[in-house]
Structures are given as structure tokens and as C-alpha cells.
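Trainee: Can we go through this model together?
Mentor: Sure, let's put it up and take it piece by piece.

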Amino acid sequence: MIEILLITILSLALYGFALNKKKAKVLSEINILHSQPHYHGLYTAFLTIVPAIILLISWSFIMNIIMGANLKDYFSDITDAGLVEFYTNGVIDYVEGTTDAIIDHVGFIPAVEYYQSLQKTSSILQFIVTLTLALILFRYSMRFVEVQFKARDHIERVVVIIMRASAVFAIFVTLGIVLSLLFETLRFFDSVNVFDFLFGLHWSPQMAIRADQVGSSGSFGAVPVFTGTLLISFIAMAVAGPIGMYSAIYLSQYASDRVRSYAKPIIEILAGIPTVVYGFFAVITVAPFFRDLGAFLTFTNMSSESALIAGSVLGIMIIPFVASLTDDALTAVPKSLKEGSLAMGATLSETTKKVIIPASFHGIVGSFLLAFSRAIGETMIVVMAAGFAANLTFNPFDSVSTVTVQIVGLLTGDQEFDSPKTLSAFALAFVLFFITLILNVISLSIVKRYREQYE
Amino acid sequence: MTEQLKLSIKNLNVFYGDKQALYNINLNIMEKEVTSLIGPSGCGKSTLLKCINRMNDLVEICKTDGQVLLDSKDINDASQDPVLLRMKVGMVFQKPNPFPKSIYDNVAFGPTLHGMTNSKEELDHVVIESLSKSGLYDEVKDRLFDPGTGLSGGQQQRLCIARALAVNPEILLMDEPCSALDPIATAKIEDLIAELKEQYTIVIVTHSMQQAARVSDRTAYMHMGELIESGLTKTIFSNPQHQKTQDYITGRIG
Amino acid sequence: MNNISSRNQSEKRFQFYGKVAVTLAISFLVILLYNIFSTGISAFQQTYVAVKLDIPASVDKKSINPRSYLNKSFLEMFPPEVKSRNERKAVLSLLSKGAKYEFQELLEDNESSSLQGYFWFLASADLDMYIKGTVKRQGDTAGRLDEVQMQYVDILESKNLVELQSNKYLFSAADSREPEMAGIRGAIIGSLYAILIAFLVSFPIAVLSAVYLEKLASKNKFSDLIETNINNLAAVPSIVFGLLGLAIFLNFFNLPRSAPLVGGLTLALMTLPTIVIASRAAIKSVPPSIEEAAIGLGASKVQTIFGFTLPLAMPGILTGTIIGIAQAIGETAPLLMIGMVAFVVDIPGGPMEPSTALPVQIFLWADSPERAFTERTSAAIMVLLVFLVLLNLTAIYLRKKLEKKW
Ligand SMILES: Nc1ncnc2c1ncn2[C@@H]1O[C@H](COP(=O)(O)OP(=O)(O)O)[C@@H](O)[C@H]1O
Ligand SMILES: [Mg+2]
């Protein structure tokens, strides 16, 4: 039904396009039109399609709400709102054909029949109304083919509106993130105290199946998760910081152009490798390496999921971030400063340490912050190489867990949607989002202020 | 000389944000004459020129008040369409800016855009005519479909003139059209201007006093956003009324 | 006054640290790639075992039960002492569970001809690993192959009845519980659907908003807000986009779980800021004199944008888009959130069908306790890396080709 409708409207629009274009073309043989013929054609096409499509979409949306609300009446004997929702969804899924499961309830079959009949009426009405609208506007637009008619201006106004909407879309994405995280997080705080979450020292989100089991309540003190995240990220920075920074210094100050032109892109390849690959690398290469090393040095208590493994692989991944951002900062320092220092007899390393790095200090700090925020938010490496048990420890040889590991663990596999266990993942994600956002805002503003300094 | 008024600027003030760039300008431009605008750098010549075809609309912070009457109609009037205006008032810029397209497509751009031709032959005709008018046709007739960006600087500027002429404008604005060119190319453009004024009203901004003297019928001298004096070029150069004009012409202000 | 020679010493030391850092960074890359390639290369081959068949043309192939017939034929190849239940089980487990499907296909393809002589059938993963040398013989056993199985393996080897052939399953099958039958076709197709959708959604929105911000928006608080917003969005951890997809597409719009459609939409939101930022840079680099010329001839702003600005900026825009798409192809975390992590044995027929994606398949296999999946994981990674290299080469090619001089 809807396909036929769409095709009809589309053909009508195409026809209108051709018709009006032709009319305008005839006019243009003797006059200079304000707008070229094809704009007149487009005008009709737009007028035929756009309002009709808007009507179509909003129609479906409104009808779904109305139909869903009426379906509930068939299950009025059930008190549990969640169950009613489950049943109505069952009816909808059944009618749509996504499932052929019949729910055992007296209201089910009547509800299905009601839903089917309503759907039928709705789609017939929708067909008629939409088509009528398209026809009326089609007819209406025919009147406008005139020398002075500003078809182009009208169309461009629509195009600009579409562009503006695209630009505003990014804001809606952010809003979507904030609202969806916030909404679930607030629901989580209905059952768990905010302070217990932020300052509690014990994290074991597993809820018991039966009420009489030990530890049935689950505990949601996220501090061990936060410390685990910090521990791993600091280890990563301890790897990436020096390597990235010394690489950047070497490549920007010492290396010949030839070496630089090869080495820089090669290091940047590290940033292009998917993180799941690093995770695999951690498991099959780095973990055994550390295990052997541990055995050699007679460390016996090293966990195969130790923070050291995840942290160092994460560190390898963020080397290019540190390196290229630091490189940007170093090369932005005016040449005159460097030359001035060298001319006074300073060696290149002294110039770098005493003049160039201080002059680009903001940029370097910004790059470290950005890299750190990357490390905090990285998921796959830690999911594969770190543990799920959140231990409160700062020993790099122990197994710790991170925010992202917990989110993945809590939201994959079987999940009941409303339990505090699943909701806690959103609370963690909210904290993650918030922290990375702050880090980014700070580092972007540092970098920006620093850049202005040399402009 | 026909002595017919083509364009009349009345009490024009222009602001860039809080900064006023033009103060109460009054200037008449006669049909089928060359008027040159001279004055020290930053005095508002380009600004004034851009007011004539509303290129200033592109500068967000730019506000104008006063009147610019083209054939006695105010071009800033709400009912006036900037597109139609720019068809009537063409513009050539300081630095040659051919499109990264073929020579042919460069010239054909305007006519196609405005749907001024109804057939390929007509379009061909317009392109060839415009190129001939700008004196470029003989030089490029074998390579009409080569990129316009491959021409020499002077040729590029004449291509830009051809491109402007193809829309069949009434007025041609030129903002220091020779400042990026060598003396030989400059001479060609000056000859061209002399030919074009048979058909078009031309307003040219120039830095060179000699050029103004050579090509223009009338000259307007501007200083710090004000129009100091305007009149027949001969008079201005031989007998300037204002001290400032005299200083500038004799090279004391530059 | 500082001693000159100690200053020179420190200069040398500093430079040395720099060299060490660069060398370390590069050697990490080399080690990583070497590891992946050395473990993965063997997955492109697969062990096959020859089974002697003797089916005359006259036999009705439909009357043959592939499983029992194949088992019988295989057992008959060995000396008569294969009698005890345990030994029979040991021998038969050298063949893959997939062997009977191969036999069935063989029967269907040769309905009226005879099948006589040796035919090759897929070996089990345990045998495969031994043949490839992934597991070594230790005493009488090798990995999971026990003494009894090893006896028969030796017999097969001595008669040249085991060999490595190219791996047909890797590129034609979807996931499977049996490592030797598992392939990445399903995952590749899932990834392609998701990427296509991500591109179709994010490219137009990103380019239009970039043009709007660069060319049409007046510089005010609001455009600043959009700008900061996009810059920050680019740095939001990818898993957060996964949660957004979960909350919006699955829970609010009730789209199907595990579908490439949802994966694609989620990835689209993630790549959007990357493309916007690259497009803005490309648009900024278009010389304004060309736009001015067009406007001076009476073109409207919109006409100038679509006629000049965008075509001239296109090489840069496309390069940025390809970089964004390359990121999205390798992205795993958001897909886990929207359930593309399911075990899917069917190759998806459309973007609404349950599916996994290549990086998720890598994650699943890497997580599997079956050691035989390790080489396949590496092979899948090799395929993923080849995709990424191809994309980047395309970006370079497009750049060269579309770049015009002005
Ligand atoms: N886009 C602009 N924004 C702000 N100020 C401008 C802009 N364009 C020109 N101006 C200012 O207006 C004055 C006149 O400039 P212009 O017309 O370019 O002078 P001329 O062409 O005579 O050298 C100058 O002081 C200049 O700084
Ligand atoms: Mg100027």
C-alpha cells in the first residue's frame, strides 16, 4: 500500500517537474525569466513531494501511538504495567510478522483482530488523504509559471533549511547522548544511592536469581572501577608519553626530511589499526610475553589479566596520538625562536628543552590530555585483555577492571532491561562521557589559546 | 559623448561593523563613459565599487545606507533582485580568477546560468563573440576546451572580462584589473577598455594615475572614505580644485 | 661555565632517546603485523583427508545415507582391528562434522556417474592443527589427539592420505561452532551493509552541515555552539555511541537487534563529526576568488556552493569521508552494544537480518577457548587490514585524480 502511494506521488512529482519545466521553457523563448525552467519544474516537484512525505511520516507516528494506547484495553485485567507492554508488543510483533508466537491470554486474539482492522482503515485513509494533498499542491503549483516568479529563491530557501537542519543535527546527537544516558542513570539512582555509587568501595553488580542467595542485592560502589580505569590509563600514558614525545621531538628537530617523511606515516599507521586487533595482540602475544618475563624474574603472582598487559597495549595504541599532536605543537613554534637560541651557541637538545618545549608547553599538555581521554574511553583492548572483576588495587600486576569493560559486560548477553544491573552500565557511561567531555573541552581550549598566541 | 546619466549615487554611507568606510558619497556616472576611481590605499574605492553590484551583501558585517540609482531605480530596494542586478552590472576583479574549467565553459557559465540562450549554436555564438570582444579569441580559438587556468595572467584577465561580457551587462566594474599584470598585458587591457566603452559603461578602480589619465573620461578622487572631487579627467588632472587631490596626483600622498 | 664535552654528551644522549623512541614505535607495529601474519597465514589452507569411495554409477545416490556411508568407507580403509567403539570414535573424529555435507553435495553433483577412488574430505580442527604444526607431537599425543588417534594419523600420513588444500570455508561460510567450517563471509556482508548505511546517512548530513557552517551561517553564539559541539562529539568514546544506538534505535524506535541497519545508523552518528571536520577544512581551502567571480556573474549563493565550492572541495571531503569510514569499519564496541555480537550461522540477506560484523567476528573468535580459532582470527584480521589498506589507497587515488590545479 505504502509502496504504491510513494510511487504514485513520485511519478506525480516527476510529471509535474517535466510539465512545469516545459511551460517555463516556452516562456523563456521570448522573455528572460527570473528563474531558469528547471527551477520551475523543481518547484512543483518539491511542493508535491515534501508536504506529502511529512504528512506520511507524522501519520504513521501518530497512528502507532493511538493504536498502541487502544491495545492496552484488551489487557486491562493485568495490573503489571510492564507485562501489559510486553503483551501489546507481542500483538504488534505478531501482526507485523516479526514473530508467530501467540500469547496465551483471552485478550490476545481480539487484540490482534482489532489491530489488523485498525491498521487497514488507517492505511486506506492515509492513502487517500496523502494523495489528495499531493494532488492539490500539484495543481496549485501549476499557477506559478510566470516570468517574474522566483522559483529559484523558493527552492534555495528549502535547500538552506535542509542545510541548517543538517548542521543542527549534530546538536541533537549530543542531546540524544546526554538525555538517554541521563534518563537511565536517574532510573538507576532510584534504586541505588548516588553516593554509594560514586564513593562505594565494592563493585559486584551480579544480582542473585533467588532472593535468598548470598549477596542478593548486588553492590554498586564504583570506586574500584574508576581506580582500575585510572591505573590502566596511567600505565598507557607511561608507555605512550615518553615514546610519543621523544618520537615527535626526534622527527621534528633531528630527523632528515627523508626519514621524517617515512617514519611519520608509519607511526600513524598504529592509529589506523582497529582496536580489536590490539586486543587480540594483547591476548596472544603480550600476555604470554609478560607471563614468561614474570616467570623468568620469578614473579609468581602476576595475573594473566594484569593491568600491566592491558595498559601497555593501550599505550602502544595511543603513541601516534601523542606523537602527532606533540609534533603539531612543536612545529608551530616560530623558527625565529629556535634560530635565536642556536645562534647563541645552545645545542639543539638545549634549544629543544629550554626554548621549544616551554614555548609549546600548552600544546603538549593538550595533546597528553587528549591522549588520556582516548585511553579512558577505549573499550576493546581492555575488554579483551583486562578482567571483569573490579579489584580495588594499584598494583599493576593485579587484575583490575575498567568502566568500559563493565559497560560491555553488563550490556551484552542476557539482560533484563530494568534491573539496576543493566541500568548501572548507563550510569557508568554517563560518568565516562562527562569525564572525557571535560578533558576534551580543557585540552581544546588550551590548544586553541596556544595557537592564537602565535598567530 | 552622450552625457546620459546611467548611475547616480546619493548620500551613500557604508559601515563595516562599527567602522565607517564611506562617508556621504555623491557621484554620477554617465552612460558609455569610463569613470575611474582613484585614491590612496584603503580609502574605500573597492567598497564603493562593490556597492554598485551589491557584492557587499556577501560581507556580513557590511551595512549601507543612501541610494544607488541605476536608471533611476534604487538597487538596494527590497524589490530588486541582486541576481538581476549583477546580470546588468558585471565585475572584473583585481586578481584574475578564472574558474577551474575550460575556456569555453568559463565564458558560457553566465549565459547558461541565466538561461540566456536556447540552443548550443546560440551559446557558441555568445562565447565566440565575447571572446572576440575581449580580444582573446584569436589567441585561444584552437584550444577553447583547455583549462582557463592554463592561460597567462593577462590572458586570464581578458578571459574574465569575456566572461563578464557574455552576460551582456550594461555596466562593467573593474577593480584594479591591471595591478597583477605586466606592462604589455596592461596595455592590451587599456586598449580593450577604450573599445568596450563604445558599448558599455565602465567604472574602473586604479592605482596608477597614468592609467586613469589614459583610459578615463571622468575621474573621482577619494580620500579616507570621502569623495573629495570628481569631474572630467582632463580638468581633474590639469586643474584640481582641492589641495588633497593635487597632492595625490603629484605624488605627495600615496 | 659548563663543560663542553659534557654538553655534547647530553646532546648525544638526547638524540639517542629520540631514535630509541622512533625505533620502538615502529618495531611495535612490525611485531604486531608480523604476529598477525605469521599466525594467520596458515588459515588460508585447510587439512583434507582422502576417503576411498566405491559407488558404481548404477546405485541410486538418494538411497545413500551420507553420514553412515562416509563413516563406513572411512573405517574400511584401515586394518581390520578398528573394532572397539572407542577406536571407531577416535578414527571418525579425525573427519570434520562438515565432511558429511561435502559428501552429500558430492552425491548430488554426481547423481548418475560413479564415485570410485579417493576423494578429499574436510578434516577436523584437531587434525588440522597437527598437520599445520600448530600443535606438536609430544610423546604419543599431539594437542587433543590421543594415542589412538595418532596411530591412525600416522597411517594416513604414511599413505599420503592427508594434505593441505586451500581453505574454501573461510570466504564462503558464516560463523560455525566447528572451527574448520567457520568463515567470515557473513561477517563481511554484515560489515558492508552497515558501512553502506553509515555512509549514506552520514555523508550528506555531514557535507551539508559543513557547507552551512562555512558558507551560510552567520558567526554568532549559535554557530559557535554547533562548532564546539561537533569538535567534542568527535572525541566522545565510541562505546557511548553504542549506548545511544541502544537507547534510541532499539529501545525507542524498536528496530531489530543485531541488524546491520542499526549498526550502520550507530556508526553514522559516530563518523559524522569526522566527516564534518574534514569537509570544513576542504571547503575552507577553496579560493574565495572563484566564488566571488561566480557571484559577480549573478549566481546565487546556493548555485555557487553546488557549482563551485563543493566540486572543488570534493577531493578533501572524500578523503576525510574515507578516513571516517575506515574508522567505522574497524569499530567494534558500539556494535557490541546493539547486539551485533550474536552467534550467526546464516549469511545475512539484507540489512534488517541478524548479522555480525568483521571486527565483532574477530572479537568473538579471539574470545573463543578453541585454539583452532586463533589462526582464523588472525586471518580475519588480515582481511580487515587489507580492506583498510584498500580504502586508504582509494583515498590517495581519489585525491590525485580529482585534484585540479587553479
Ligand atoms: N570585509 C571588510 N571588513 C571590514 N573592513 C573592511 C572590509 N573590506 C574593507 N574594509 C575596510 O574598509 C576600508 C576601505 O577598504 P577598501 O574599499 O578595500 O579600500 P581600497 O580599495 O580603496 O584600498 C578599509 O579601511 C578597510 O579596512
Ligand atoms: Mg581595493
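The questions below go through the ligand shell, the cores and a few single residues.

Mentor: Ground rules: this is a predicted model, where local features need pLDDT of at least 70 and side-chain atom pairs count only at pLDDT 80 or more, while totals for chains, interfaces and linings use all residues. Residues are numbered from 1 along each chain as its sequence is written, chains are lettered from A and ligands numbered from 1 in the order in which they are written, and side-chain values use heavy atoms, with hydrogens and water left out.

Trainee: Which element gives the most residues to the shell around ligand 1?
Mentor: The shell takes in residues with a heavy atom within 4 Å of the ligand, among them B:Lys19, B:Lys45, B:Ser46 and B:Thr47. Two elements of chain B give two or more residues each, β2 (19-30) and α1 (45-52); helices (H or I, at least four residues) and strands (E, at least two) are DSSP runs, numbered from the N terminus. The top contributor, with three residues, is α1(B).

Trainee: How far is the polar backbone atom of B:Gly44 from an oxygen atom of ligand 1?
Mentor: Polar contacts here are N or O pairs within 3.5 Å; within protein, one atom must be able to donate a hydrogen and the other to accept it, and residues adjacent in sequence count only if both atoms are side-chain atoms. B:Lys19 has a polar side-chain atom 2.7 Å from a ligand 1 oxygen, and B:Gly42 puts a backbone N or O atom at 2.7 Å from one. For B:Gly44, the distance is 3.0 Å.

Trainee: What share of ligand 1's accessible area does the protein cover?
Mentor: Areas come from the Shrake-Rupley method with a 1.4 Å probe; for residues, only the protein chains shown count as cover. On its own, ligand 1 has 550 Å² of accessible area, and the covered part is 64%.

Trainee: Which residues have the most contacts inside the largest nonpolar core?
Mentor: A nonpolar core is a set of buried Ala, Val, Leu, Ile, Met, Phe, Trp, Tyr and Cys residues joined through side-chain atoms within 4.5 Å. Buried means under 20% relative accessible area, exposed over 50%, partly exposed in between (1.4 Å probe, protein chains only). The largest has 232 residues, and those with the most contacts inside it are A:Ile177 and A:Ile407.

Trainee: Which residue of chain A does A:Ile177 touch?
Mentor: Contact means heavy atoms within 4.5 Å, and residues up to four places away in sequence are left out of this list. From chain C, the partners include C:Leu233, C:Val236 and C:Phe241. From chain A, the partner is A:Phe433.

Trainee: Is B:Arg54, with its positive phi, buried or exposed?
Mentor: Most residues other than glycine have a negative phi. B:Arg54 has phi near 60 degrees and lies in the loop between α1 and β4 (62-70) of chain B. Because its relative accessibility is 13%, B:Arg54 counts as buried.

Trainee: Which backbone oxygen does the side chain of A:Ser141 reach?
Mentor: A:Ser141 is in helix α4 (residues 108-141) of chain A and is buried, at 0% relative accessible area. Its contacts include A:Asn20 and A:Tyr43. At 2.8 Å, the side chain of A:Ser141 reaches the backbone oxygen of A:Phe138.
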